[in-house]
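This report describes the domain arrangement of a protein model and then turns to individual residues. Please consult the sequence and the coordinates alongside the text.

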Amino acid sequence: MEIKIKKAPLAKRKAKPTDESKLGFGKIFTDHFFNIKYKEGKGWYDPIIEPYRPLQLDPTAMCLHYGQEIFEGLKAYRGKDAAVYLFRPQENIKRMNKSAERLCMPLMDEAIFMEAMKKLVTLEKDWIPHGAGTSMYIRPTMIATEKALGVHPANEYLFFIVVGPVGAYYPQGFSPTKMYVSEEYVRATRGGTGNVKAAINYATSLYASRIATNKGYTQVLWLDAAENKYVEEVGTSNIFFVIGDKLITPPLAGTILPGVTRDSVIKLAGYLGIKVVERRISIQEIIQAAKKGTLKEAFASGTAAIVSPVGLLYFHDKEYLINGGKTGKIAEKLYNEILQIQYGLKEDPFGWRIQIVPGKKAKKG
Ligand SMILES: *Cc1c(COP(=O)(O)O)cnc(C)c1O
């Protein structure tokens, strides 16, 4: 299947942002987007990169009523000499298909998915900002478009990809977050959808986030739904703790989103000689470690920030400082290592980086 490209007329193209310090996240999108349609019995058809435009949906399009909507998030990075890289995109493709399966949506052809990302990012490469830590965010999405009321898997879908420039996450250096332990609300239950990137998970997380921000905290630390005891994730990121000399993260047991960054942190930490343990860890164990002084660091991991240090923990009306509220050495080390691999500034021992636009001076072969 050939992806058609219909370019926006030059006169209709948007002005590119001039101040890279004001890019922020998720506010600016480029001149084109990719989309492909699906119909039961016909499969995927009409893949096209075309001028960015609003979608047209019937008011009864099923995604609007029953929540069949999934998405992904990854980035394109501008390296030296105008080279452009993706970081482990195959992982996002596979994860999106897992999400699709869980929500009874059609699987996307992996080759078309990859080709669409490469072609769209290459077409829009002049939109990728230049500053340190800036990048182009890629948002693949799938929605149910069948016009019908009544709960059943839809028979028509739209898959699309939009891209846009995003700013550096830490333009002024790290700023450790304040984490609020939610005891009343949960993110994911056993047998639910916590391990897939389904839009419904985020709608149900908003209420607890609002409580946390109203109280002056940055993010929610989610506990398991069954016992309200074990730590699962923080906000929309995975969570890591350094206790003593071990880096600990909860295991992927069905309620935790398998983050690509989480996996990269685990593999890279092992490679760097840090002891990594995937095991259940209770909030009580963390509080005890904080009291004893063995809780050295805590940080979140995700595509947006890579690593986001946590400086404070709120639990049961008490606050616990972590590493004096400052960024820990392990968090900083892992952040720098992953960032340098992503931008092509360092060798890539795991083969994670994919070059999609060659550097100007790069030699072939
Ligand atoms: C996307 C996401 C993550 C992080 O995944 P990455 O692949 O590392 O970006 C973690 N938790 C939740 C709930 C997420 O939605």
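The protein chain is divided into domain 1 (4–166) and domain 2 (177–342), with bounds that come from an automatic or database domain assignment. The model is predicted, so local features need pLDDT of at least 70 and side-chain atom pairs count only at pLDDT 80 or more, while totals for chains, interfaces and linings use all residues. Residues are numbered from 1 along each chain as its sequence is written, and side-chain values use heavy atoms, with hydrogens and water left out.

**The contact between the domains**

Taken over C-alpha atoms, the centres of domain 1 and domain 2 are separated by 28 Å. To the contact, domain 1 contributes 19 residues and domain 2 contributes 21 residues, where contact means heavy atoms within 4.5 Å. The size of an interface is often given as the accessible area lost when the parts come together. Here domain 1 and domain 2 bury about 1700 Å² between them, and 62% of this area lies on carbon and sulfur atoms; buried area is the accessible area (1.4 Å probe) that two parts lose on being put together, summed over both. In domain 1, the residues that lose the most area to domain 2 are F71, F87 and R95, which together account for 34% of what that side buries.

One salt bridge is counted between domain 1 and domain 2, the term denoting a side-chain nitrogen of Lys or Arg within 4 Å of a carboxyl oxygen of Asp or Glu. R88 and D263 form a salt bridge in which the closest N and O atoms are 2.8 Å apart. Between the two domains there are also 11 residue pairs in polar contact, both residues being at pLDDT 80 or more. A polar contact is a pair of N or O atoms within 3.5 Å; within protein, one must be able to donate a hydrogen and the other to accept it, and residues adjacent in sequence count only if both atoms are side-chain atoms.

On the side of domain 1 that touches domain 2, at least two residues each are supplied by β4 (69–71), β5 (74–78), β6 (84–87) and α2 (89–102). Helices (H or I, at least four residues) and strands (E, at least two) are DSSP runs, numbered from the N terminus. The most comes from α2, with six residues.

**Individual residues**

The table lists residues with their places and relative accessible areas. Buried means under 20% relative accessible area, exposed over 50%, and partly exposed in between (1.4 Å probe, protein chains only).

| Residue | Place | Relative accessible area |
|---|---|---|
| Y137 | strand β7 (residues 135–144) | 11%, buried |
| A82 | loop between β5 and β6 | 23%, partly exposed |
| I306 | strand β16 (residues 306–315) | 7%, buried |
| E337 | helix α8 (residues 329–342) | 11%, buried |

Leaving aside neighbours within four places in sequence, Y137 is in contact with F25, E72, G73, L74, K75, V162, V163, G164 and V166. The side chain of Y137 also makes a polar contact with that of R139, at 2.9 Å. Between Y137 and L312 there are 29 Å in space, C-alpha to C-alpha, and the two are 175 residues apart in sequence.

Although A82 is not a glycine, its phi is positive, at about 70°. I306, likewise not a glycine, has a positive phi of about 70°.

Not counting residues up to four places away in sequence, E337 touches L268, L272 and K346.
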